[in-house]
Amino acid sequence: MNYTNYSSFFGSRDVFACTSHNDFDYSIIKNKKSFIKNLKLNHSNIAVPTQTHSNNVKVVNTNSTYNNTDGLVNYGSNKILTLLTADCVPIFIYDKIKKNISLVHSGWRGLSTGIFFNAMDILFKANNSIKDFKFVMGPSIKKCCYEVDIKVYSKFDKKFYELKNDGKAMLDLQSVLLNQILSYGVFISDVLIDKECTKCSYKKFFSYRREKGNSGRMLSIFNLMLK
Ligand SMILES: [Zn+2]
């Protein structure tokens with residue numbers, strides 16, 4: 001059971017943050033359960049968004065599933081935030097003072113309709129001091145592999161694309177998200193971007209693009225270690 005552990009970047013023992021590799025397809029419930037059990041976390045506490053590439057962010061409560069949801073915020077409950085991806089960016093947001101966390105599914109659809117800002121709006125209700133926040137972008141498809149057509153080309157500033165001769169373009173989705181993060185005045189040192197491209201690193205990650213829509217999913221976990 002392999003995963004990349006981002007917890008230490010947050011500089012706190014209060015959070016656990018990771019994204020799995022591709023040992024198992026974590027969209028299958030029993031694989032998700034055993035991953036969480038192996039982390040010595042309680043599976044009955046997970047919060048699961050039913051992801052639809054929306055811009056909907058919800059605050060977790062006692063429920064375990066959240067329909068039509070692509071981002072979750074945890075205000076100090078014992079719920080474990082989960083997210084499935086295979087090319088899109090899983091973004092982890094941590095407010096180190098209020099100990100609030102958010103995990104957001106950031107593909108071009110969500111980012112172009114403001115899902116990151118929606119998550120920040122919710123977190124800012126508890127604390128709007130941006131210097132208290134840290135951000136991690138998990139493994140995702142990079143500009144080397146992320147070819148998009150003209151429909152997507154109109155969604156973001158032209159500086160995020162590299163045009164090709166055939167009318168298509170390569171999209172730098174991590175820079176789109178980084179630009180949104182930095183628009184709040186965040187220091188670049190408070191943002192960690194996983195360097196690996198999910199499509200290039202085929203031994204390690206699932207890639208929706210590489211596997212032409214038939215890929216499994218990686219599981220991201222974000223958890224407050226409540227005392
Ligand atoms: Zn690549």
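Start by selecting Tyr-94, which stands opposite Lys-134 in S10. Helices (H or I, at least four residues) and strands (E, at least two) are DSSP runs numbered from the N terminus. The model is a predicted one: local features need pLDDT of at least 70, side-chain atom pairs count only at pLDDT 80 or more, and totals for chains, interfaces and linings use all residues. Residue numbers run from 1 along each chain as its sequence is written.

**Strand S10 and its sheet**

Widen the selection to strand S8 (residues 89-95) and S10, which pair in the antiparallel sense over five bridges. Two strands count as paired if DSSP finds at least two bridges between them. Now select strand S14 (residues 191-193): S14 and S10 pair in the parallel sense over three bridges. Within this pairing, Met-137 stands opposite Ile-193 in S14.

Stay on strand S10 (residues 133-137), where five of the five residues are buried, so the strand is largely enclosed by the rest of the structure. Buried means that 20 or more other C-beta atoms lie within 10 Å of a residue's own; exposed means 12 or fewer, and partly exposed is in between, with C-beta atoms placed from the backbone. Phe-133, Phe-135 and Met-137 are buried on one side of S10, and Lys-134 and Val-136 are buried on the other. In a regular strand the side chains alternate between the two faces of the sheet.

Next, show the whole open sheet of six strands, with the order S4-S6-S9-S8-S10-S14 and mixed pairing. Its edge strands are strand S4 (57-59) and S14, each of which pairs on one side only. Neighbouring strands of this sheet are turned by 15° against each other on average, direction ignored.

Add helix H3 (residues 115-124), which lies across S4, strand S6 (71-74), S8 and strand S9 (100-106). H3 runs at about 170° to S9. Axes here are lines fitted to C-alpha atoms, for helices over the stretch in contact, and angles run from 0 to 180 degrees between N-to-C directions.

**Phe-92 and Ala-17**

Select Ile-91, Phe-92, Ile-93, Ala-119 and Leu-177: these have the most contacts inside the largest nonpolar core, which has 59 residues. Such a core is a set of buried Ala, Val, Leu, Ile, Met, Phe, Trp, Tyr and Cys residues joined through C-beta atoms within 7 Å. In soluble globular proteins, nonpolar side chains tend to be buried together.

Which residues does Phe-92 touch, not counting residues up to four places away in sequence? They are Tyr-6, Ala-17, Leu-103, Phe-135, Val-136 and Phe-222. Two residues are in contact if their C-beta atoms, placed from the backbone, lie within 7 Å.

Move to Ala-17, found in strand S2. Ala-17 counts as buried because it has 25 C-beta neighbours inside 10 Å. Leaving aside neighbours within four places in sequence, Ala-17 is in contact with Tyr-6, Ser-7, Phe-10, Phe-92, Val-136 and Phe-222.

**Helix H1**

Select helix H1 (residues 29-38), where Lys-32, Phe-35 and Ile-36 are buried. Seen down the axis of H1, the buried residues fall within an arc of 95°, so they line one face of the helix. The arc is that of the directions from the helix axis to the C-beta atoms. Lys-30, Lys-37 and Asn-38 are exposed on the other side of H1. The buried residues of H1 pack against strand S2 (15-20), S3, S7 and S15. Following H1 is Lys-40, whose phi is positive, near 65°.

**Strands S3, S7 and S15**

From the helix, go to Ile-46 in strand S3. Is Ile-46 buried or partly exposed? It is partly exposed, with 19 other C-beta atoms within 10 Å. Beyond neighbours within four places in sequence, Ile-46 is in contact with Ile-36, Ser-64, Ile-80 and Thr-82. Ile-46 and Ile-221 are 175 residues apart in sequence, yet 9.2 Å apart C-alpha to C-alpha.

Now select strand S7 (residues 80-85): six of its six residues are buried. Ile-80, Thr-82 and Leu-84 are on one side, with Leu-81, Leu-83 and Thr-85 on the other. Strand S3 (residues 46-49) runs parallel to S7, joined by two bridges; the bridge partner of Ala-47 in S7 is Leu-81. Strand S15 (residues 218-224) runs antiparallel to S7, with five bridges joining them, and the bridge partner of Leu-83 in S15 is Ser-220.

**A second sheet**

Finish with the open sheet of three strands in the order S11-S13-S12, where the pairing is antiparallel. Strand S11 (147-148) and strand S12 (161-163) are the edge strands, each pairing on one side only. S12 and strand S13 (residues 169-171) pair over three bridges, and the bridge partner of Glu-162 in S13 is Met-170.
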